[in-house]
Amino acid sequence: MHRFFAVTQWVLASFLTLGASVTADAGDLPVAIAEVYPADALNGLVFGPNLPEPLPASQLSIFVHNSSNQPLPGFSVELIVLQSGINLCPGSVLTTEILLTTETDDDGWAYFELAGGGCIHDTNLSATIKVNGVSVANYDNVKSPDFDGASGDGRVDLSDLVDFTGGFLDGSGGLCHDYDNDGAVTLSDLIIFSPAFVAPNHCP
Ligand SMILES: [Ca+2]
Ligand SMILES: [Ca+2]
């Protein structure tokens with residue numbers, strides 16, 4: 001498995017070069033455009049147990065700017081994730097939905113760490129990002145290497161490997177480990193799973 005760790009960095013770096021833009025009507029405020037890395041390239045969010053180190057794919061970076069590509073500092077940024085199917089690491093806020101809030105910095109960037117496991121596959125509005133209360137991005141997929149076919153239990157171990165391998169080899173594991181949501185569990189997904197399994201990643 002270690003050979004795949006070496007190529008993790010360049011693949012995730014390539015994800016970070018990609019991004020999509022979604023515009024929104026923000027009333028009297030400038031129209032905010034959000035570029036979300038790596039979620040836009042993956043067409044979904046990736047959670048991961050955050051120890052010993054957060055997975056790169058679980059570190060969400062959001063660039064908020066106007067139509068002239070000028071950053072919009074001081075804008076509130078919210079991340080809302082349907083709780084059903086996702087198990088957060090201890091210490092995260094648990095309500096009827098997962099809600100994280102922060103504010104763009106002087107350069108227009110906001111950051112979230114997605115600590116947890118589970119799977120929401122192909123479900124409308126699984127996750128929403130709002131800037132100053134206006135929806136700027138929606139995703140139908142929220143996934144994690146910590147998923148054993150039933151749920152996430154806060155650590156990436158053999159039970160998760162079994163489910164991943166089922167999807168990778170013959171599709172029997174379903175698409176919960178299809179982190180880039182291209183319809184199959186392939187090498188690009190193994191590159192995200194492998195370092196989480198090798199570490200192994202776990203919740204506090
Ligand atoms: Ca697990
Ligand atoms: Ca895939």
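Me: Which residues does Val64 touch, leaving out those up to four places away in sequence?

Reply: Start with the idea of a contact: two residues have one if their C-beta atoms, placed from the backbone, lie within 7 Å. By that rule Val64 touches Ala32, Ala34, Pro71, Leu72, Phe75, Val77, Thr104, Gly108, Ala110 and Val131. Keep in mind that this is a predicted model, where local features need pLDDT of at least 70 and side-chain atom pairs count only at pLDDT 80 or more, while totals for chains, interfaces and linings use all residues. Residues are numbered from 1 along each chain as its sequence is written, and chains are lettered from A and ligands numbered from 1 in the order in which they are written.

Me: How many helices and strands does the chain have?

Reply: Both are DSSP runs numbered from the N terminus: helices are H or I with at least four residues, strands are E with at least two. Here you get five helices and 12 strands.

Me: Which strand does β2 join, and how do the two run?

Reply: Strands count as paired once DSSP finds at least two bridges between them. β2 (residues 33-37) and β4 (residues 59-65) run antiparallel, with five bridges between them, and Ala34 has Val64 as its bridge partner. β4 also runs antiparallel to β8 (residues 109-113), again through five bridges, with Leu60 partnered by Phe112.

Me: Where do the side chains of β5 point?

Reply: You need burial first: a residue is buried if 20 or more other C-beta atoms lie within 10 Å of its own, exposed if 12 or fewer, and partly exposed in between. Along β5 (residues 76-82) the side chains alternate, with Val77, Leu79 and Val81 buried on one face; Ser76, Glu78, Ile80 and Leu82 point to the other face and are not buried. β5 pairs with β10 (residues 127-131) in the antiparallel sense over five bridges, and there Glu78 sits opposite Lys130.

Me: Which residues have the most contacts inside the largest nonpolar core?

Reply: In soluble globular proteins, nonpolar side chains tend to be buried together. A core here is a set of buried Ala, Val, Leu, Ile, Met, Phe, Trp, Tyr and Cys residues joined through C-beta atoms within 7 Å. The largest has 49 residues, and Ala34, Leu45, Val46 and Val64 have the most contacts inside it. Helix α5 gives the most to this core, with five residues.

Me: Why is Asn50 counted as buried?

Reply: Just count neighbours: Asn50 has 21 C-beta neighbours inside 10 Å, so it is buried. Asn50 lies in the loop between β3 (45-46) and β4. Beyond four places in sequence, Asn50 is in contact with Cys89, Glu113, Ala115 and Cys203. Asn50 and Ala196 are 146 residues apart in sequence, yet 9.4 Å apart C-alpha to C-alpha.

Me: What span should α4 have, and which of its residues are buried?

Reply: The expected span of a helix is 1.5 Å times one less than its number of residues. For the 12 residues of α4 (residues 158-169) that gives 16 Å, and the end C-alpha atoms are 16 Å apart, so the two agree. Asp160, Asp163, Phe164, Gly167 and Phe168 are buried. Those buried residues fall within an arc of 135° seen down the axis, so they line one face; the arc is that of the directions from the helix axis to the C-beta atoms. Leu158, Val162 and Leu169 are exposed on the other side. The cover over the buried residues of α4 includes α5.
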